[in-house]
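Biologist: Could you take me through one part of this model slowly, beginning at the end of a helix and working outward from there to the contact between the chains? I would like a connected account that a first-year student can follow.

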There are 2 protein chains.
Amino acid sequence: MTFQIDHLGIAVKSLSAAKSIYEKLGLSVSAEETVEHEKVRLVMVPVGESRFELLEPTSEDSTIAKFIAKRGEGLHHVCMKVPDLPAAVERLKKDGVRLVSEEIKVGAGGHQYVFVHPTSTGGVLLELVQE
Amino acid sequence: MTFQIDHLGIAVKSLSAAKSIYEKLGLSVSAEETVEHEKVRLVMVPVGESRFELLEPTSEDSTIAKFIAKRGEGLHHVCMKVPDLPAAVERLKKDGVRLVSEEIKVGAGGHQYVFVHPTSTGGVLLELVQE
């Protein structure tokens, strides 16, 4: 049974501006990578067992662009690894916790995930992934 | 040289509402604790090498209350441990990175910290503490 903060997804207007501080601190920043279907360009900054994921929109109709237009730059979501995702989702649904979608989805690379709505977490969009 | 995400400070209206999801997921939630001079009541939720810190204001003029009034509930700051805080601060100042205060402060328990302004980090208030 281990939980872990997998990454913090941070919506930024400019990757080059946002990543600069992490480089200055001496952290390693990955090469830029584009995820076409999510309309984002991203870099990853590993920090201990976790990482920052800086997300820059590549299109005005991307989720991240809309987030920035509404809220400004900043934390978009927190992703936490959980030891038993199906059991966690069952428990949350039974207790009336609001999920963004009712079923577990499968993302790139086959990882399983679900998003918990911010109204149930104190304002943080919380992604749960199978450890 | 090790970096680590020490905690995520999350501003919430109600500790009992916000902590419930973490309990449902099977995480341990600390007893509630009040920090008088910061006018907050808090619980900590350890997750791997990091933790969530849920912060509920105890007064309308607390920093956390003002944050919630302006932005709503959600992430207030990210705290990262760095291996050499004085060197990091020197480097950031030299490079024109905006800090909330120019000097390293000493908090409860003697820990040393500095806050980097969100304009320099992609919208996240970033606390740096000495490892």
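Modeller: Let us begin just after helix α1 of chain A, where A:Gly26 takes a positive phi of about 95°; please keep in mind throughout that this is a predicted model.

Going back into the helix itself, the buried residues of α1(A) are A:Leu15, A:Ala18, A:Lys19, A:Ser20, A:Ile21 and A:Tyr22. When you look at how such a list is spaced, it helps to remember that an α-helix has 3.6 residues a turn, so residues three or four places apart point the same way. The buried residues of α1(A) have partners in both chains: in chain A they pack against β1, β3 (40-47) and β4, and in chain B they pack against α3 (85-94), β7 (112-116) and β8 (126-130).

That packing leads us to the contact between the two chains, to which chain A gives 38 residues and chain B gives 38 residues. The area buried between chain A and chain B is about 3,300 Å², and carbon and sulfur atoms account for 70% of that area. On the side of chain A that touches chain B, the elements giving two or more residues are β1 (4-11), α1 (15-24), β4 (50-57), β5 (74-82), α3 (85-94) and β8 (126-130) of chain A. Of these, β1(A) provides the largest share, with five residues. Sorted by kind, the residues on this side of chain A divide into 23 nonpolar, nine polar and six charged. Between chain A and chain B there are six residue pairs in polar contact, while the rule finds zero salt bridges across the interface.

How are the two chains placed relative to each other? In general, two copies of a chain are related by a rotation about an axis and a shift along it. Here a turn of 180° with a shift of 0.0 Å along the axis lays chain A on chain B with an RMSD of 0.0 Å, and that is the relation of a two-fold axis. The same surface serves both copies, since 100% of the contact residues of chain A recur in chain B.

We can now look at single residues in this region, starting with A:Ser50, which is found in strand β4 of chain A. A:Ser50 counts as buried because its relative accessibility is 7%, which falls under the 20% limit for that word. Its side chain reaches the backbone oxygen of A:Ile5 at 2.9 Å. Leaving aside neighbours within four places in sequence, A:Ser50 is in contact with A:Ile5, A:Asp6, A:His7 and A:Val45 of its own chain, and with B:Ile5 and B:Glu49 of chain B.

One of those contacts, A:Asp6, has a charged partner as well, for A:Asp6 forms a salt bridge with A:Arg51 in which the closest N and O atoms are 3.3 Å apart. This pair links distant parts of the chain, with A:Asp6 in strand β1 and A:Arg51 in strand β4 of chain A, 45 residues apart. The two partners sit differently with respect to the surface: A:Asp6 counts as buried at 13% relative accessibility, whereas A:Arg51 counts as partly exposed at 22%. Both belong to a network of salt bridges that links A:Asp6, A:Arg51, A:Glu53 and A:Lys81.

On the other chain, B:Gln4 lies in strand β1 (residues 4-11) of chain B. Not counting residues up to four places away in sequence, B:Gln4 touches A:Val47 across the chains, together with B:Glu49, B:Cys79, B:Met80 and B:Lys81. A polar atom of the B:Gln4 side chain lies 3.2 Å from the backbone oxygen of B:Glu49.

Finally, helix α1 of chain B takes part in a salt bridge too, between B:Glu32 and B:Lys19, whose closest N and O atoms are 3.5 Å apart. B:Glu32 lies in the loop between α1 (15-24) and β2 (33-35) of chain B and B:Lys19 lies in helix α1 of chain B, so the pair ties together parts that are 13 residues apart in sequence. B:Lys19 counts as buried at 17% relative accessibility, while B:Glu32 counts as partly exposed at 41%. Over all chains, a search of the whole structure finds 14 salt bridges.

Methods. Residues numbered from 1 in each chain as written. Chains lettered and ligands numbered in written order. Predicted model: local features only at pLDDT ≥ 70, side-chain atom pairs only at ≥ 80, totals over all residues. Heavy atoms only, no water. Contact = heavy atoms within 4.5 Å. Buried area = accessible area lost by both parts, 1.4 Å probe. Salt bridge = Lys/Arg side-chain N within 4 Å of Asp/Glu carboxyl O. Polar contact = N/O pair within 3.5 Å; in protein donor to acceptor, adjacent residues only side chain to side chain. Helix = DSSP H or I, 4+ residues; strand = E, 2+ residues; numbered from the N terminus. Nonpolar A, V, L, I, M, F, W, Y, C, P; charged D, E, K, R; others polar. Least-squares fit on C-alpha atoms with pLDDT ≥ 70 in both. Buried < 20%, exposed > 50% of the residue type's maximum accessible area, 1.4 Å probe, protein only.
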